[in-house]
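Here are my notes on the structure below. They go from whole chains down to single residues, and they are best read with the model open.

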Amino acid sequence: MAEISLAAPRRGVGQVGRHWARYRAGYLFLLPAFALYAVFMIYPFIQSIYLSFTDWNGATATKNFVGLDNFTRLFNDSLLWTSLRHNIIWVVIGTIAPMVIGLLLAVLLGNRPRGFTLFRTVYFMPQVLSPVVIALVWGWIYNPVFGILNEGLDAVGLEEVSRGWIGDPDFALYAVLAAAIWAETGFVFVIFLAGLQNVSRDLLEAAMIDGANAWQRFWNVTVPQLANVINVVTALLLIGGFSVFDIIFVMTGGGPANATEVIATYTYKEAFTQNNVGYAATLSLVITAISLVASIVFIRLRERGES
Amino acid sequence: MRRSSRSFLSMALILLLCVAAAPQMGAAQDDEIELRIWDQFTAPSESEIVDSIYNAFTEQNPNVTITREAMDTDQMRQTVNTALASGTGPDIIFYDTGPGFAGVLADAGLILPLDDLAGQYGWAERFIPSALQGSSIGGQLYGLPLQVDLIGMYYNKTLLDQEGLQVPTTVDELAAFCGQAAEKGFEPPLAFSNNPGWQAGHQFSMASTNMVGPEAMQQLLFQHQGSWNTPEMVAAIDAYFAKLRDAGCFSEPNALNYDDGNSLFFTGQSLLHPTGSWLVGDIQENMPDYEVGMVPFPTLEGGQGSFWVSGLGSAYYISAQSQNQEAAGRFLDHLFSQESAARWVGEAGFAVPMAVDTATLEVSPLFKSILDVLASANNGQVQLGYNIDVLAPPEFNDVMTNGFQAMLAGDKTAEQQAADLQAAWEAGMPAMTGTPAA
């Protein structure tokens with residue numbers, strides 16, 4: 001108890017005044033950023049909470065209060081659960097695949113082999129493209145009539161495998177996900193490449209002298225030192241996975257037959273196609289809550305692992 | 001005495017009001033007015049013509065300036081409700097007709113009923129009545145439609161003649177045609193695309209109209225009498241989305257977007273293209289070496305015939321909160337004057353739903369044939385079917401999109417789809433009176 005009172009002493013008016021006098025300039029510097037954050041993040045978020053208790057259609061002047069109706073609807077909405085399942089598939093594969101591929105590429109280029117700059121540029125390039133461009137390009141790759149993927153498969157005698165990749169409900173989600181992984185890997189690769197520069201050479205040499213093979217050095221020496229980088233990348237991919245929208249919207253619009261519907265595309269349709277803005281606000285809160293919980297759980301687990 | 005003094009007072013008040021209003025009315029004509037217009041003409045070629053037609057109004061009305069913003073339907077959907085409701089939106093919008101679009105704005109009181117302006121300018125005499133019916137909501141006129149679309153089937157006459165193939169007139173013939181065309185290397189024979197899925201609604205409009213006839217469709221769509229879940233509807237759905245699929249008429253339509261489908265037809269890889277008259281301009285531009293014709297979709301076994309399907313494109317609406325409603329009314333009148341209408345038809349290739357003398361216009365034979373069909377329909381010589389998606393509630397359109405995609409993927413039967421369509425219709429049309437559920 002004594003420690004607590006020492007750590008957090010009660011502040012009197014004089015202390016608050018002194019604190020303000022001392023840090024006033026700092027707060028003033030923060031004010032513009034906070035104002036932007038308040039207008040574009042906090043206010044819309046509070047509005048979303050308010051709208052989730054209404055049946056607003058996006059146009060009428062009156063917003064009827066419907067209590068918890070939108071929240072109870074969530075539990076009976078099979079399309080929400082389908083979308084959530086797609087989000088989970090997206091998050092799991094869309095997090096693990098870029099991490100593994102990005103880390104592998106970073107390790108391969110970690111010693112700056114010949115052609116380092118070229119490879120680094122090529123691997124990172126997809127990241128500078130807008131998701132819409134990526135969606136269009138991959139749409140052409142997957143085109144069932146003139147797409148290079150089917151042409152390639154046909155050329156090597158795999159006609160049976162050829163299909164309309166983004167038009168087949170069994171494959172569409174994974175086809176779009178592959179395009180997203182291609183785009184994300186560049187980002188993960190660059191972050192890991194930077195992280196590898198901070199891995200201690202001394203420890204790697206010590207492990208080598210102790211007889212550790214390449215895999216043991218990688219797994220027991222390199223990876224632990226990348227823990228913070230892995231944390232950041234995983235958290236970003238997790239959040240991005242739950243809020244993914246643009247690449248799916250452009251490539252398939254959530255179809256065929258809802259096969260690529262995720263919560264964000266479903267939310268968009270409810271708001272702007274079905275004119276159910278109240279329910280769409282509720283769905284957006286679901287995305288927020290899931291992203292928040294997933295990030296907190298992940299960071300807590302990592303912290304526990306580190307301790 | 002008292003009565004005469006009241007009359008005198010009334011007369012004096014009226015005179016006073018007239019005197020007071022006179023300078024204001026003059027000012028309304030002369031004051032600087034900015035008309036803000038949101039439309040959907042994003043294609044550069046269209047945009048240029050639209051600018052020119054808008055500018056003709058400002059030349060006649062030098063006190064008016066036009067601020068125009070072009071955006072596609074999706075963009076407009078995201079912003080128009082909020083912009084109009086907040087009073088910061090445009091004076092005039094060019095927006096989609098139908099319950100899920102302009103219907104929502106009308107219900108919310110965000111767009112202006114045009115009945116008074118229609119009376120003032122004589123629009124009712126100028127437009128085809130069915131077109132104004134299509135842009136009316138709850139019996140009130142809200143929009144002036146720019147374009148009537150015909151949905152049917154384009155065919156590449158040059159290649160058909162070259163290959164010795166005939167335009168199919170029945171679905172059975174069409175299925176056989178697909179086999180013959182595929183053997184000759186024209187794959188897919190039909191350039192039908194269905195990503196993201198709205199295209200299937202047009203195919204269903206043709207198949208259902210040919211099966212039950214335009215009158216039954218009118219009863220179902222406008223009077224809510226009948227059902228989507230009848231054996232005839234099931235047969236119509238099955239004929240297009242299962243029979244033609246199994247006959248190899250399409251190639252993975254769920255994976256093809258509309259532009260890709262168009263490209264298949266433009267390049268001569270596909271011989272037939274079931275879509276709408278809005279594509280005429282692109283066909284003329286992209287197929288200079290081919291002669292192209294258009295016919296209504298083939299008849300179905302047990303059906304009522306082969307009918308053109310028609311639907312309204314977008315319409316011009318005036319914001320209820322506009323401070324410039326008088327100028328907006330004049331502007332709409334300008335857009336649908338004989339001079340402007342001739343330009344919409346001749347330069348933009350739009351089938352404007354009003355009587356336009358095409359004799360002096362230079363239009364392609366294909367577009368001329370479409371205008372002739374519309375003129376015949378206006379004279380009552382041709383009966384048109386209805387494009388369903390602009391008349392149906394969003395719930396129904398959602399089932400058309402996802403349900404037909406599932407059928408094309410082989411994951412759903414025609415019976416299931418018909419039942420789902422009826423359920424969505426009942427959910428989205430709570431006021432309907434003639435359905436079995438009611």
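1. Status of the model. This is a predicted model, and the points that follow should be read with that in mind.

2. Make-up of chain A. Chain A holds 14 helices and zero strands. Read along the sequence, its pattern is therefore one helix after another, α-α-α-α-α-α-α-α-α-α-α-α-α-α.

3. Overall form of chain A. How spread out is chain A beside a compact globule? For 307 residues the globule rule gives 19 Å, whereas the radius of gyration of chain A is 25 Å, well over that value, so chain A is more spread out than a compact globule. Its C-alpha trace spans about 75 × 65 × 35 Å along the principal axes.

4. Burial and contacts in chain A. Of the 307 residues in chain A, 35% are buried. Among the contacts in chain A with a separation of 6 or more, 69% are between residues 24 or more positions apart.

5. Contact between the chains. Chain A brings 27 residues to the contact and chain B brings 29. Sorted by class, the side of chain A that touches chain B consists of eleven nonpolar, 14 polar and two charged residues.

6. Domains of chain B. The domain assignment splits chain B into domain 1 (33-145 + 312-378) and domain 2 (151-308 + 384-428). The C-alpha centres of domain 1 and domain 2 of chain B are 28 Å apart.

7. Where the domains of chain B meet. Here 15 residues of domain 1 of chain B are in contact with 16 residues of domain 2 of chain B. Which helix gives the most to the side of domain 1 that touches domain 2? In chain B that is helix α17 (residues 365-378), with six residues. By class, this side of domain 1 of chain B has eight nonpolar, seven polar and no charged residues.

8. A strand pair in chain B. Strand β7 (residues 148-156) of chain B pairs with β9(B) in the antiparallel sense, over four bridges. One bridge partner in β9(B) is B:Gly293, which belongs with B:Tyr155.

9. The two faces of β9(B). In a regular strand, side chains alternate between the two faces of the sheet. Along strand β9 (residues 292-295) of chain B, B:Val292 and B:Met294 point to one face and are buried. B:Gly293 and B:Val295 point to the other face and are not buried.

10. Cis peptide bonds. In chain A, a cis peptide bond joins A:Gly255 and A:Pro256, with omega about -5°. A:Pro256 sits in the loop between α12 (246-251) and α13 (263-272) of chain A. In chain B, a cis peptide bond joins B:Asn195 and B:Pro196, with omega about 15°. B:Pro196 lies in the loop between α9 (171-183) and α10 (199-212) of chain B.

11. Positive phi at A:Arg112. Phi of A:Arg112 is near 50°, a positive value in a residue other than glycine. A:Arg112 is placed in the loop between α4 (78-109) and α5 (116-128) of chain A. Is A:Arg112 buried or exposed? A:Arg112 has 10 other C-beta atoms within 10 Å, and the cut-off for exposed is 12 or fewer, so A:Arg112 is exposed.

12. Positive phi at B:Glu252. B:Glu252, also a residue other than glycine, has a positive phi near 45°. The loop between α12 (231-246) and α13 (258-266) of chain B contains B:Glu252. With 26 other C-beta atoms within 10 Å, B:Glu252 is buried, because the cut-off for buried is 20 or more.

Conventions
Residues are numbered from 1 along each chain as its sequence is written. Chains are lettered from A and ligands numbered from 1 in the order in which they are written. This is a predicted model: local features need pLDDT of at least 70, side-chain atom pairs count only at pLDDT 80 or more; totals for chains, interfaces and linings use all residues. Two residues are in contact if their C-beta atoms, placed from the backbone, lie within 7 Å. Ala, Val, Leu, Ile, Met, Phe, Trp, Tyr, Cys and Pro count as nonpolar, Asp, Glu, Lys and Arg as charged, and the others, Gly among them, as polar. Domain bounds come from an automatic or database domain assignment. Two strands pair if DSSP finds at least two bridges between them. The radius of gyration is taken over C-alpha atoms; the globule rule is 2.2 Å times the number of residues to the power 0.38.
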